[in-house]
Amino acid sequence: MAKGTLADRIRQQLGELSPAERRVGRVLLADYPAAGFETVAVVAERARVSAPTVLRFVGRFGFRGFPDFQSGLRAEIEERSASPLSLYESSGRGAGEQEGEESLLDQGRRVFTAALAQTYDELPPHDLERAVELLSDPKRRITLTGGRFTAHLAQYLALHLMQLRDGVSVLSERTVERTAAMTSWGRRDVLVVFDYRRYEPDKAALVELLHERGGRVVLFTDPWLSPAAAHSEVVLAAQVSTPSPYDSLVPTMAVIETVVAGLVHALGEEAHARLKEGERLARATGLLS
């Protein structure tokens, strides 16, 4: 079968499916992976198609039938819930131990190069373009948030955005400040979320809240997809392969840098002027020498 999670593959191939099969795909993506564990009849009813259409849909992705499709989902769920401890224990290798005679340098080069290549191969161009479109729209306010290991990525992207445009903030971890920000969310808001396996429940709740208020969500996540993907307009999934038991954020950083490059181009002279003014003010106030 093709690389990537089933959700990735469905999203990438939606344009190649028949209208009826696209409805099946959207039903599954809207409540992924839970929708995949319903019966064929329930999925067909939700998609307003026939049961044979659902079976044709799963056949397009290489499954012999619906039970086979659900077995594939179960395998994905096991991977989604993996922790550094479980990955360490399942690897059968001690810390710092390489495969065969391969050096640490060669192993790192091989694993990270492959992860970057696969991330870009599987990244939907329309999602990347839509992310740039949303984040460069001056009428929209941008709020960013991350998790235990990804809060610094939210900060990193936020710092770039702040240099390029107005209306950018990082969601506070302090309850009063966080709820104050959430009360004003509406249709012109964009929430950028970083959420990776061992997903944090508050991320899905934040995304659902903004979705209900008509805002837009840009989600950075892993191949197994955060539950927040169900209500995200843009999903940018990156590989997390690494020589250690810890998931890598190297491919995610590359995707962030790609988005920033798109923003610089989209904002054009406006961004250039803002950068110049920021540099002038920093020097005038002694922040830069």
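Two strands pair if DSSP finds at least two bridges between them. With that idea in hand, let us tour some close-up views of this predicted model.

**View 1. Strands β3 and β4 run side by side in the parallel sense.** β3 (189–195) and β4 (216–221) are joined over six bridges, in the parallel sense. Look for F194, which stands opposite F220 in β4. Between these two strands the chain travels through α11, and this β-α-β crossover is right-handed. β4 is also mostly covered, with five of its six residues buried.

**View 2. Strand β4 pairs with β5 as well.** Here the partner is β5, made of residues 234–237, and the pairing is again parallel, over four bridges. Find F220 once more: in β5, its bridge partner is L236. So which residue of β4 stands opposite F194? That is F220, the residue whose partner in β5 is L236.

**View 3. Helix α11 turns one side inward.** This helix covers residues 201–212, 12 residues in total, and reaches 17 Å from its first C-alpha to its last, close to the 16 Å expected at 1.5 Å a residue. Its buried residues are K203, L206, V207 and L210. They cover an arc of only 95° around the axis, which puts them on the same side of α11. What do these buried residues pack against? Their neighbours are β1, α10 (175–183), β3 and β4. On the face turned away from the buried side you will find the exposed residues P201 and E212. Just beyond, α11 is followed by G214, whose phi is positive, near 90°.

**View 4. T150 sits in a loop, yet is buried.** The loop in question lies between β1 (141–145) and α9 (151–164). Is T150 buried or exposed? With a relative accessible area of 5%, T150 counts as buried, because the cut-off for buried is under 20%. The side chain of T150 reaches the backbone nitrogen of G147 at 2.7 Å. Leaving aside residues up to four places away in sequence, T150 touches F194, Y196 and L249. You have met F194 already: that is the residue opposite F220 in View 1.

**View 5. Helix α1 is largely enclosed.** This helix spans residues 6–13, and six of its eight residues are buried, so the rest of the structure largely encloses it. Which residues of α1 are buried? They are L6, A7, D8, R9, I10 and R11.

Terms used: Residues are numbered from 1 along each chain as its sequence is written. This is a predicted model: local features need pLDDT of at least 70, side-chain atom pairs count only at pLDDT 80 or more; totals for chains, interfaces and linings use all residues. Side-chain values use heavy atoms; hydrogens and water are left out. Buried means under 20% relative accessible area, exposed over 50%, partly exposed in between (1.4 Å probe, protein chains only). A polar contact is a pair of N or O atoms within 3.5 Å; within protein, one must be able to donate a hydrogen and the other to accept it, and residues adjacent in sequence count only if both atoms are side-chain atoms. Contact means heavy atoms within 4.5 Å. The expected span of a helix is 1.5 Å times one less than its number of residues. The arc is that of the directions from the helix axis to the C-beta atoms. A crossover is right-handed if, with the strands pointing away from the viewer, the path from the first strand over the helix to the second runs clockwise.
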